[in-house]
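Hi,

Here is the structure I promised to pass on. Have a look at it first, and then read on for what turned up.

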Amino acid sequence: MSTEISTGTDLLTEGMQVRRAVLGDVYVERAITPTDALTQAFQPFMTSYCWGEIWTDESLPRRERSLLVMAMTAALGRSAELEAHTLGALRNGITERELQAVLRQIMVYCGVPAGVGALKAMRQGIAKFKDDEFNTDKPEGDGR
């Protein structure tokens, strides 16, 4: 991908490819499976905007994007997103030792309550990563 902005279907298609590479098919299928009107409207928009527009931009490697998203979701107290992006960070080559460093930094800059919430979410993301169901489609290489 380039840093040029693509439009429409390209963003949705490319976004879904990146989303699946980072979070895995199992996780993404569970997110997009509900067929109610809200999900049908939300998922294509979010996939195009977030994954297609932002995550396809190669100005930052996926490893660094994962670290940024983890820090931001922890600061905002978004535990479900932090859990998902912990799984994605591991799939993007972040090590558990690096996750420990991220957690310490979250505690210092966001406060102990945010750090405690982040710890719980990160533990769940690590557990999902180690679960064979989520681990079968890990990308090869450095995650780019």
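**Salt bridges**

The count of salt bridges comes to 6. Please keep in mind as you read that this is a predicted model.

One group is worth finding on your screen: Arg20, Asp25 and Glu29 are linked in a network of salt bridges. Arg20 reaches Glu29 with the closest N and O atoms 2.4 Å apart, and the side chains of Arg20 and Asp25 also meet, at 3.1 Å from N to O. How open are these residues to the outside? Arg20 has a relative accessible area of 22%, so it counts as partly exposed. Asp25 is partly exposed too, because its relative accessible area is 34%, and Glu29 gets that label at 35%.

Another salt bridge joins Arg65 and Asp57, with 3.8 Å between N and O. Is Arg65 buried or exposed? Its relative accessibility is 10%, and the cut-off for buried is under 20%, so Arg65 counts as buried. Asp57, at 22%, is partly exposed.

**The overall build**

Now for the whole chain. The protein has 8 helices and 0 strands, so if you go along it from the N terminus, the elements read α-α-α-α-α-α-α-α. Of its 144 residues, 36% count as buried. The accessible surface comes to about 8,400 Å², and carbon and sulfur atoms hold 57% of that.

How much of the contact map links residues 24 or more positions apart? Taking the contacts with a separation of 6 or more, such pairs account for 69%.

**Trp55 and its surroundings**

Trp55 is a good residue to click on next. You will find Trp55 in the loop between H3 and H4. With a relative accessible area of 5%, Trp55 is buried.

Which residues does Trp55 touch, if you skip those up to four places away in sequence? The list is Val18, Val22, Cys50, Arg62, Arg65, Ser66, Val69, His85 and Asn92. Arg65 is the residue that came up above in the salt bridge with Asp57. As for Val22, 33 residues separate it from Trp55 along the chain, while their C-alpha atoms are 9.6 Å apart.

**Thr86**

Helix H5 covers residues 79-91, and Thr86 is found there. Its relative accessibility is 0%, so Thr86 counts as buried. Without its neighbours within four places in sequence, the contacts of Thr86 are Met70, Leu99, Met122, Gly125 and Ile126.

**On the surface**

What sits on the outside? Leu60, Leu68 and Met72 form a nonpolar surface patch, and together they have about 260 Å² of accessible area. Leu68 belongs to helix H4, which spans residues 62-75. With a relative accessible area of 42%, Leu68 is partly exposed.

There are also aromatic pairs in the structure, 2 in total. In one of them, the ring centres of Phe45 and Tyr49 are 5.5 Å apart and the planes lie at 15°, so this pair is stacked. The cut-off for stacked is planes under 30 degrees apart. Phe45 and Tyr49 are both in helix H3 (residues 37-54), 4 residues apart, which is about one turn of the helix. Are these two buried or exposed? Both are exposed.

**How far to trust it**

A word on confidence before you zoom in. The mean pLDDT of the protein is 88, and 86% of the residues reach 70 or more. Residues 1-6 have pLDDT below 50, and beyond near neighbours in sequence this stretch makes 11 contacts in the model. Residues 140-144 stay under 50 as well, and there the model has 6 contacts beyond four places in sequence. Why go carefully with such stretches? Where pLDDT is low, the predicted coordinates should not be read in detail.

If you want a place to start, try the network of Arg20, Asp25 and Glu29, then move on to Trp55 in the loop between H3 and H4.

Best wishes

Note on methods. Residues numbered from 1 in each chain as written. Predicted model: local features only at pLDDT ≥ 70, side-chain atom pairs only at ≥ 80, totals over all residues. Heavy atoms only, no water. Helix = DSSP H or I, 4+ residues; strand = E, 2+ residues; numbered from the N terminus. Buried < 20%, exposed > 50% of the residue type's maximum accessible area, 1.4 Å probe, protein only. Contact = heavy atoms within 4.5 Å. Patch = residues over 30% accessible without salt bridge, like charges linked within 9 Å, V, L, I, M, F, W, Y side chains within 5 Å. Areas by Shrake-Rupley, 256 points an atom, 1.4 Å probe, with all protein chains shown as cover. Salt bridge = Lys/Arg side-chain N within 4 Å of Asp/Glu carboxyl O. pLDDT = per-residue confidence, 0-100. Phe/Tyr/Trp six-rings, centres within 6.5 Å; stacked < 30°, edge-to-face > 60°.
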